[in-house]
Amino acid sequence: VPDRPAPPIVTEVGGDWCSMTWNVPDYDGSSPILGYIIERKKKQSSRWMRLNFDLCKEMTFEPKNMIEGVPYEVRVFAVNAIGMSRPSEPSKAFVPL
């Protein structure tokens, strides 16, 4: 399986959404990366929620439907034909405006 990606970077935050980006893992597990799974959680929660059911082919994503004023974190998994990586470390917490 691939190595886990580095923590994603939140590049922009809006009313109920953010833009995030990440880099490919250092090692792809000897099989090309097919895409990525993105999860988010409220910072004070321990429950991660999957945000995409089809693999994200790009290395950017825009989570939506977040609650204004609540801190969130996001994380990423890399997926190849063999399986799914461990999750990235979470992003720095951010608060939709």
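## Exercises on strand β6, its sheet and its salt bridges

Both faces of β6 are covered: Tyr72, Val74, Val76, Ala78 and Asn80 are buried on one side, and Glu73, Arg75, Phe77 and Val79 are buried on the other. The model used in these exercises is predicted.

**Exercise 1.** State how many of the residues of β6 are buried, and relate this to the two faces of the strand.

*Solution.*
Step 1. In a regular strand, side chains alternate between the two faces of the sheet.
Step 2. One face of β6 carries Tyr72, Val74, Val76, Ala78 and Asn80, and the other carries Glu73, Arg75, Phe77 and Val79.
Step 3. Nine of the nine residues of β6 are buried. The strand is described as mostly covered.

**Exercise 2.** Give the order of the three strands in the open sheet and identify the strands at its edges.

*Solution.*
Step 1. The order is β4-β3-β6, with antiparallel pairing.
Step 2. β4 (49–50) and β6 each have a single partner strand, so these two stand at the edges and one side of each lacks a neighbour in the sheet.
Step 3. β3 and β6 run antiparallel and are joined by nine bridges. Among the bridge partners, lysine 41 is matched with glutamate 73 in β6, and tyrosine 36 with alanine 78 in β6.

**Exercise 3.** Determine which strands supply at least two residues each to the largest nonpolar core, and which strand gives the most.

*Solution.*
Step 1. The largest nonpolar core has 14 residues; Met20, Trp22, Tyr36, Ile38, Cys56, Phe61 and Phe94 touch the most other members.
Step 2. At least two residues of this core come from each of β2 (18–21), β3 (33–42) and β6 (72–80).
Step 3. The most is given by β6, with four residues.
Step 4. For one member in detail, take isoleucine 38. Leaving out residues up to four places away in sequence, isoleucine 38 touches Met20, Trp22, Met49, Arg50, Leu51, Asn52, Cys56, Phe61 and Arg75.
Step 5. As general background, nonpolar side chains in soluble globular proteins tend to be buried together.

**Exercise 4.** Analyse the salt bridge between glutamate 73 and lysine 43: give its distance, its place in the chain and the burial of both partners.

*Solution.*
Step 1. The two side chains meet at 3.2 Å, N to O.
Step 2. Glutamate 73 is in strand β6 and lysine 43 is in the loop between β3 and β4, so the pair ties together parts that are 30 residues apart in sequence.
Step 3. Glutamate 73 has a relative accessible area of 9%; buried means under 20%, so glutamate 73 is buried.
Step 4. Lysine 43, at 43%, is partly exposed.

**Exercise 5.** Describe two further salt bridges of the structure, arginine 4 with glutamate 89 and glutamate 62 with lysine 64, and then find the network.

*Solution.*
Step 1. The structure holds five salt bridges.
Step 2. In one of them, the side chains of arginine 4 and glutamate 89 meet at 3.0 Å, N to O. This pair links distant parts of the chain, 85 residues apart: arginine 4 lies in the segment before β1 (9–13) and glutamate 89 in the segment after β6.
Step 3. Arginine 4 is partly exposed at 31% relative accessibility, and glutamate 89 is partly exposed at 41%.
Step 4. Glutamate 62 and lysine 64 form another salt bridge, with the closest N and O atoms 3.1 Å apart. Glutamate 62 is partly exposed at 40%, and lysine 64 is partly exposed at 44%.
Step 5. Salt bridges that share partners join Lys41, Lys43 and Glu73 into one network.

Note on methods. Residues are numbered from 1 along each chain as its sequence is written. This is a predicted model: local features need pLDDT of at least 70, side-chain atom pairs count only at pLDDT 80 or more; totals for chains, interfaces and linings use all residues. Side-chain values use heavy atoms; hydrogens and water are left out. A nonpolar core is a set of buried Ala, Val, Leu, Ile, Met, Phe, Trp, Tyr and Cys residues joined through side-chain atoms within 4.5 Å. Buried means under 20% relative accessible area, exposed over 50%, partly exposed in between (1.4 Å probe, protein chains only). Contact means heavy atoms within 4.5 Å. Two strands pair if DSSP finds at least two bridges between them. A salt bridge is a side-chain nitrogen of Lys or Arg within 4 Å of a carboxyl oxygen of Asp or Glu.
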